[in-house]
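Work through the exercises below with the model open beside you. Each task is followed by a solution in steps.

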Amino acid sequence: MPVEQLIPSLISDFKSNILPQAIQFIITISPVLFAFIMAKIFWPIWVSYVRSKNFLSLKYTTLEIKLPKDTFKSPLAMEVFLQSLHNTADGSLYAQYWKGETRPWYSLELVSIEGRVKFFIWTEDRRKGGVISGLYSQFPGVEVHENEDYARSVHFDPNTMKIWGCEFKFTREDPYPIKTYVDYGLDKDPKEEFKVDPMTPLIEFLGNVGTNQQIWLQILFRAHKKEQRKPGHWFKKTDLWQDEAKELVNEILIRDAKTKVSGEINPDTGYSKLPTISKGEQSIVESIERSVTKLAFDTGIRALYISKKEVFDGPFGIGGIIGNMKHFNTESLNGFKPNGDVWHSRLDDPWKDYNNIRRDRYAREALATYKRRSFFYPALYPFSRSKSMILNTEELATVYHFPGSVAATPSLDRIPSKKAEAPSNLPV
């Protein structure tokens with residue numbers, strides 16, 4: 001058949017046979033397609049609704065921890081305490097998607113209210129028993145009190161107040177660890193006069209906060225688990241944190257095998273059979289490998305500087321917050337820096353904000369998010385989309401632990417004297 005006759009014939013067959021069948025097929029499967037589209041649209045809305053409903057139905061408590069005059073426990077005690085809070089249970093499918101249950105999360109908080117420095121832990125009321133018993137098991141001399149939430153008493157008034165808020169993120173990839181208490185030698189329990197504790201300058205800074213000013217530091221965490229979809233698989237789960245750590249270690253070793261060839265050459269690969277790496281790179285590899293062997297937490301860190309307008313001191317408050325977070329940083333590994341995509345860190349230049357409109361909006365958002373202690377679930381965290389960092393127990397215990405008497409800040413609330421049981425030989 002000639003080409004000029006073949007094309008009209010194909011068009012005619014398509015119109016008379018294929019097109020009606022295709023239309024009929026689409027009509028037949030349209031209910032399934034419609035249901036799929038509706039589920040794609042409304043399922044996230046439903047999950048957000050049940051989670052929000054569950055969040056509002058629960059009771060929460062703020063525990064204040066008062067330290068004894070002498071604290072001789074190393075941050076290892078805090079690490080052991082944090083291990084007791086590592087709970088990866090999300091609940092059954094019914095509990096998650098009908099009742100709105102989520103993986104439990106907690107908030108470690110270090111607060112300065114006009115220079116009075118306090119330690120808090122925020123948790124669900126039903127989980128406070130485990131938190132309190134865990135604290136007493138590792139820190140027998142502390143006192144734990146249930147207090148009213150200090151954050152609830154603060155309400156933003158743009159006419160009289162200023163609030164600056166930021167969230168922190170890593171300077172490098174997650175598997176690189178920060179500088180921990182082990183690097184500071186605190187795992188060896190040195191004498192108080194020889195301790196170099198990264199918490200000490202932070203507490204000293206908080207103790208110098210003036211009248212009508214407050215600084216709040218909040219560390220939210222939940223247990224990290226293997227929940228990411230494995231590349232190339234629909235149902236297999238993997239831990240991208242550990243996978244990325246292995247890739248980084250292999251990258252360092254392979255790079256060194258190419259550039260620092262020594263010894264006998266393997267003819268198949270062209271690399272040395274015994275490649276050497278520098279001491280610095282060996283230290284990086286050891287730090288990464290040690291980091292991923294410990295229990296890990298998804299973590300979010302935020303800070304607020306709240307002040308009356310007339311006494312707001314940006315260089316002291318903002319600079320002090322950012323500067324004191326650098327005590328956990330190293331050039332070769334990891335560290336913290338403000339997330340430039342969140343809140344006031346975005347307003348570096350004055351022309352980015354007319355008449356403080358954005359600045360005041362960010363202040364309200366930062367305060368509301370802090371009060372909710374929300375970070376990991378979009379339904380409870382509508383104002384920002386910061387990516388959570390992964391800190392293991394050693395790193396988290398470094399950022400938040402109870403300092404010894406080396407922290408001599410007079411405004412740090414401590415118990416004035418030790419408590420002891422009465423002697424057994426007292427007369428009746």
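**Exercise 1. Contacts of one core residue**

Task: Which residues does Y400 touch, not counting residues up to four places away in sequence?

Solution. Step 1: fix the criterion, contact being heavy atoms within 4.5 Å. Step 2: list the partners of Y400 outside the four-place window, which are M78, L108, E109, L110, F119, F120, I121, M199 and I219. Step 3: note what the coordinates are. This is a predicted model in which local features need pLDDT of at least 70 and side-chain atom pairs count only at pLDDT 80 or more, while totals for chains, interfaces and linings use all residues. Residues are numbered from 1 along each chain as its sequence is written, and side-chain values use heavy atoms, with hydrogens and water left out.

**Exercise 2. The nonpolar cores**

Task: Which residues of the largest nonpolar core touch the most other members?

Solution. Step 1: define the set. A nonpolar core joins buried Ala, Val, Leu, Ile, Met, Phe, Trp, Tyr and Cys residues through side-chain atoms within 4.5 Å. Buried means under 20% relative accessible area, exposed means over 50%, and partly exposed lies in between (1.4 Å probe, protein chains only). Step 2: read off the hubs. The largest core has 54 residues, and L82, L110, F119, L135, F336, Y400 and F402 touch the most other members. Step 3: find the main contributor. Helix α5 gives the largest share of this core, five residues. Step 4: look for a further core. A second, separate one has 18 residues, including M161, I306, A366 and Y370. Step 5: set this in context. In soluble globular proteins, nonpolar side chains tend to be buried together.

**Exercise 3. Two helices and their cover**

Task: Which elements do the buried residues of α2 pack against, and what covers those of α8?

Solution. Step 1: recall the assignment. Helices (H or I, at least four residues) and strands (E, at least two) are DSSP runs, numbered from the N terminus. The protein chain has ten helices and twelve strands. Step 2: take α2 (residues 75-83), where P75, A77, M78, E79, F81 and L82 are buried. They pack against β2 (105-113), β3 (116-124), α4 (128-138), β6 (213-223), β9 (296-308) and α10 (393-399). Step 3: take α8 (residues 314-324). Its buried residues are G314, G317, I318, G320, I321 and N324. Their cover includes β5 (161-170), α5 (199-207), β6 and β9.

**Exercise 4. Salt bridges**

Task: Which parts of the chain does the pair R290 and E394 tie together?

Solution. Step 1: apply the rule. A salt bridge is a side-chain nitrogen of Lys or Arg within 4 Å of a carboxyl oxygen of Asp or Glu. The count comes to 20. Step 2: check the pair. The closest N and O atoms of R290 and E394 are 2.7 Å apart. Step 3: place the partners. R290 lies in α7 (residues 279-291) and E394 in α10, so the bridge links parts 104 residues apart in sequence. Step 4: compare exposure. R290 is partly exposed at 32% relative accessible area, whereas E394 is buried at 3%. Step 5: extend to a network. Salt bridges with shared partners join D90, R103, R222, K225 and D298.

Task: Is E124, the salt-bridge partner of R127, buried or exposed?

Solution. Step 1: confirm the bridge between R127 and E124, at 3.3 Å from N to O. Step 2: read the areas. E124 is buried at 5% relative accessibility. R127 is partly exposed at 22%.

**Exercise 5. The surface**

Task: Which residues make the nonpolar surface patch of about 610 Å²?

Solution. Step 1: state the patch rule. Patches use residues with over 30% relative accessible area and no salt bridge; like charges are joined within 9 Å, nonpolar side chains (Val, Leu, Ile, Met, Phe, Trp, Tyr) within 5 Å. Areas come from the Shrake-Rupley method with a 1.4 Å probe, and for residues only the protein chains shown count as cover. Step 2: name the members, L33, F36, I37, I41, F42 and I45. Step 3: inspect one of them. F36 lies in α1 (residues 3-57) and is exposed at 58%. Step 4: take the total. The accessible surface of the protein chain comes to about 23,200 Å², with 57% belonging to carbon and sulfur atoms.
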